[in-house]
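Student: Could we walk through this model together, one question at a time?
Tutor: Gladly; have a look at it first.

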Amino acid sequence: MSTSQLISETGRVGGTSATGLLHPPALDQTSSLSFERFAEGDQTDLMRMIDSVESVDASKPMAEMSEHLRKNHLDYVAVIEQEKLLGMASYRHISAVLSQSNGMGFALYGKKPVREFLLNGSLIVVHGSPVQDVLNSVMGRRGSSFFHDVVLVDKNQSFLGLIHVHTLIVLQHYIQVSQFQQLQGMSQELEAARSKAEDGARMKSEFLANMSHEIRTPMNAIIGMSTILADTEMNTEQGRYVRIIRNSATALLTIINDILDFSKIEAGKLTIESVDFNLDDMVDEVLEMLSENASNKGLELIACVGRDVFTMLRGDPTRLRQIVLNLMSNAIKFTSKGHIVLKIESIAQDPENATLRFGVSDTGIGLSDEAMAKLFQAFVQADGSTTRKFGGTGLGLSICKRLVETMGGQIGVESQVGQGSTFWFTITLPKQKVAKRVQKNQDAFWGLRTLVVDDNEISQGVLCEILSGWQMLPRACPSGEVALSILGEQAEMGVPIDLVIVDYQMPDMDGLELASRITSNPALAKTRVVMLTAHSQQISQEALVKAGIRGLLKKPVKPSLFYEGLMRAFGKKAAPQPAAEKSDKPAADHTVAADKNPLRILVVDDSETNRMVAQLHLRKFGYDCSMAADGQQAVDSLNKEPFDVVFMDCHMPVLDGYQSTAVIRKQAGSVLDPHVHIIAMTANAMAGDREKCLEAGMSDYVGKPVMPEDLKNALSRAIKRIHERRTQAVPEPVVETWTQPAPAIPVVDTSSRDAEAAAAAVILSGPEPEADTEIDMLADFSPKLIELFLNETTQRIKELHMAAGRSDEKQMMVIAHTIKGTAANFAARGMEGIASLIEQHCREGQVNDAVPLCEKLSAEFDKTRTKIEQTVLCKN
């Protein structure tokens with residue numbers, strides 16, 4: 001039976017307030033309508049709501065009916081006939097009828113049966129109707145603000161009882177209060193869950209920051225020393241070992257950067273810059289970074305930027321390059337033969353913006369529909385076998401997706417198993433307001449007949465598209481024999497080919513042989529030959545001259561270098577760079593070289609190993625430096641001597657880098673130059689660390705491990721800022737807005753985090769490490785460096801015991817952190833583990849647990865010293 005059949009009206013009486021809301025009557029604590037009535041039992045049973053079962057026979061005279069209602073204090077009563085409900089009668093209504101016309105009503109109607117004076121508008125409800133439907137009917141009625149009681153009947157219309165409308169109003173209010181209390185409880189549960197999630201996110205962020213710092217500190221020494229060692233004289237086998245060390249350390253660093261990038265994205269702390277950049281330059285950089293990897297696998301790397309693509313854009317070139325590098329690195333990784341193509345097309349543009357489509361296509365293993373459905377998820381790869389075979393974090397594509405979406409774009413993939421894949425993304429970027437663009441001389445090659453000889457059809461198409469954009473007339477062929485045939489035909493017709501662009505590596509006839517046959521043919525005397533060769537292919541100058549080749553270009557072809565190479569092949573000069581505004585001042589030379597830009601440099605770090613690494617790097621650029629072991633020593637040095645540049649570690653005893661900078665920047669202080677250029681050096685790499693350094697007053701920031709190129713770039717920026725201060729009398733140091741570049745080749749999708757999770761578990765809650773002095777590798781270290789380690793650690797352990805005697809947990813944590821880093825550099829694993837536990841206990845305020853470990857650390861150091869002296873120093 002439907003609701004409409006269960007609920008019916010005998011008229012239209014009742015309604016709501018002006019606001020459409022019903023207001024329940026005021027209730028006292030003893031009222032039968034109070035909430036206690038509904039607190040227990042089934043609120044869906046209408047029989048429980050009955051307030052009265054009073055009824056009268058329909059034949060009862062009106063006068064008797066009025067007296068019956070008055071004596072029993074009833075407002076309403078059900079009128080029954082043969083056990084069937086006829087309707088409702090009201091005392092008020094009956095009294096009004098009987099008293100009308102100055103009492104004449106009593107004479108006229110007093111003996112009439114009550115059936116003739118039933119009320120209209122009573123709500124009759126069949127037992128079994130949903131309570132909420134009954135409430136909705138009562139609360140939703142329109143008309144007067146007066147409500148009649150609800151009559152409850154069974155399915156045969158037999159009278160069961162009366163339910164006062166106020167009872168239903170109170171029930172509705174009770175239900176609303178109950179629902180509100182439930183919602184309030186759910187809200188409290190959600191708030192607790194949110195708070196727990198925020199605590200978890202904060203702990204994760206802190207853990208990642210600490211892990212990053214702890215890993216980067218020893219990696220600074222590993223990468224730094226291996227880089228320096230690579231510049232010394234070594235035999236072939238030693239050089240190979242050093243390359244393995246550097247490559248492994250760099251791979252680990254990219255994994256760390258990937259995880260940190262993902263963490264920043266998850267926390268919503270990844271910022272997108274908006275700066276001017278040239279898309280052509282970005283493409284050239286990507287090709288340069290990946291060309292060696294592709295060439296080593298025998299892959300053709302091809303880039304094609306559409307002729308209608310506007311390249312002078314504004315956005316975040318670092319993040320855009322990171323996306324393209326990830327996609328292309330993936331393509332190289334999963335492709336064993338064939339080619340990788342980067343294609344950039346314009347899909348829409350207006351005077352303000354350009355919408356571009358980036359596509360990376362490969363001839364690799366391809367993807368199934370099931371595999372594609374799992375892509376772009378964190379820590380997920382196409383399948384388990386690729387994880388084991390190719391390695392990685394499984395974060396690359398997830399990071400790409402989040403970066404593209406953050407920049408307002410879309411990303412996707414098209415693929416078939418065994419037929420390669422195309423990963424694409426679209427993005428809209430603003431055009432530069434005033435685009436200073438080097439205009440190529442479009443007339444320089446106008447109408448030049450050109451033949452492209454390459455066995456790769458994709459490469460042919462890309463080259464022809466580039467040449468057509470320069471107003472040339474290109475055609476292509478796949479082999480040397482076909483090329484000679486075309487050249488002969490054109491010469492006989494009197495319209496010889498002006499330029500031949502030939503690939504070096506082709507089947508049957510290679511590029512050198514084809515070039516020799518072209519240049520030795522008198523009929524083709526005016527035809528110029530330019531050769532393309534892969535990165536790994538070496539051709540002697542003598543062979544090129546002998547073959548008559550006018551120019552040699554490395555693959556992958558970079559459009560800007562390609563244009564300049566063709567200009568040289570025809571003896572022309574490339575278009576000059578846009579002239580800068582004229583100035584009477586000579587152009588500043590920011591070369592990082594001591595003879596051109598001498599600098600007084602101070603390196604501040606509590607680890608002598610790190611100071612030595614920085615010193616050796618600086619010597620490569622011709623600079624010497626002074627040293628300080630903590631912030632206070634740095635301040636003392638700056639009080640006595642003016643320095644141009646200070647490399648400042650952030651975490652040190654006595655005064656850390658932030659505190660030292662605050663002291664240095666005080667105008668009323670005793671430092672000779674409060675505007676000295678301070679470069680932060682820190683192993684922290686989480687979101688906000690760079691900003692924290694700059695807000696503290698530091699001028700620049702480099703992350704550990706410090707790479708020679710990072711150091712050089714930081715020095716170049718310092719020289720530029722120092723030059724501006726000296727020539728423009730800048731009163732305050734200007735904070736650099738430089739962003740540390742992304743790793744050269746960001747990590748791409750692969751692998752699991754089991755090993756990383758295991759390492760985290762050991763650091764956070766693992767058992768005390770057993771003594772482990774596996775330091776045979778120290779035989780390759782210099783005696784001076786080993787003695788420095790022993791002497792420095794001896795002093796540190798003494799300081800640790802003194803701090804432990806004072807229960808100085810802060811000082812103990814700093815010293816243990818330093819010992820842990822140097823022990824890691826020298827493979828003293830037992831020392832490293834105990835120092836890590838001391839640091840952890842002190843950080844958590846558990847100094848009583850940390851103090852006993854100091855003796856264990858001393859004992860472990862004694863074992864390490866003994867083994868070093870017996871196995872290393874005695875050999876030297």
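Tutor: Two strands pair if DSSP finds at least two bridges between them, and strands (E, at least two residues) and helices (H or I, at least four residues) are DSSP runs numbered from the N terminus. This is a predicted model, in which local features need pLDDT of at least 70 and side-chain atom pairs count only at pLDDT 80 or more, while totals for chains, interfaces and linings use all residues. Residues are numbered from 1 along each chain as its sequence is written, and side-chain values use heavy atoms, with hydrogens and water left out.

Student: Which residue stands opposite V530 in strand 19?
Tutor: Strand 18 and strand 19 run parallel and are joined by four bridges. In strand 19, the residue opposite V530 is G551.

Student: Which residues of strand 19 point to the buried face?
Tutor: Buried means under 20% relative accessible area, exposed over 50%, and partly exposed in between, with a 1.4 Å probe and protein chains only. Side chains alternate along strand 19, and L552 and K554 point to the face where they are not buried. The buried residues, on the other face, are G551 and L553.

Student: What is the strand order of the open sheet that has strand 16 (473–477) and strand 19 (551–554) as its edge strands?
Tutor: Each of these edge strands pairs on one side only. The twist averages 20° from one strand to the next, where angles run from 0 to 180 degrees between N-to-C directions and axes are lines fitted to C-alpha atoms, for helices over the stretch in contact. With parallel pairing, the five strands have the order 16-15-17-18-19.

Student: Which residue stands opposite V453 in strand 17?
Tutor: Strand 15 (residues 449–453) pairs with strand 17 (residues 499–503) in the parallel sense, over four bridges. V453 stands opposite V502.

Student: At what angle does helix 16 run to strand 18?
Tutor: Helix 16 (residues 511–519) lies across strand 15, strand 17 and strand 18 (528–533). Its direction relative to strand 18 is about 175°.

Student: And what is the order of the sheet edged by strand 21 (625–628) and strand 24 (700–703)?
Tutor: Each of those two edge strands pairs on one side only. Neighbouring strands are turned by 20° against each other on average, direction ignored. This open sheet of five strands, with parallel pairing, has the order 21-20-22-23-24.

Student: What angle does helix 20 make with strand 20?
Tutor: Strand 20 (residues 601–604) is joined by four bridges to strand 22 (residues 645–649), running parallel, and V603 stands opposite F647. Helix 20 (residues 631–640) packs on the sheet, touching strand 20, strand 21 and strand 22. Its direction makes an angle with that of strand 20 of about 165°.

Student: Which residue of the hairpin of strand 6 and strand 7 takes a positive phi?
Tutor: Strand 6 (residues 150–153) and strand 7 (residues 159–163) run antiparallel, joined by four bridges, and V150 stands opposite I163. The hairpin has five residues between the strands. The residue with a positive phi, near 70°, is Q157.

Student: Which residues make the contact of helix 14 with helix 18?
Tutor: Helix 14 (residues 457–469) and helix 18 (residues 559–569) pack at about 65°, with axes 12 Å apart. Contact means heavy atoms within 4.5 Å. From helix 14 come L463, I466 and L467, and from helix 18 come P559, F562 and L566.

Student: Which helix gives the largest share of the largest nonpolar core?
Tutor: A nonpolar core is a set of buried Ala, Val, Leu, Ile, Met, Phe, Trp, Tyr and Cys residues joined through side-chain atoms within 4.5 Å. Of the 46 residues in this one, L279, M328, I344, F358 and F425 touch the most other members. The largest share, eight residues, comes from helix 10 (residues 317–333).

Student: Why does D276 count as partly exposed?
Tutor: D276 lies in strand 8 (residues 275–278). Not counting residues up to four places away in sequence, D276 touches L313, R314 and Q432. D276 counts as partly exposed because its relative accessibility is 46%.
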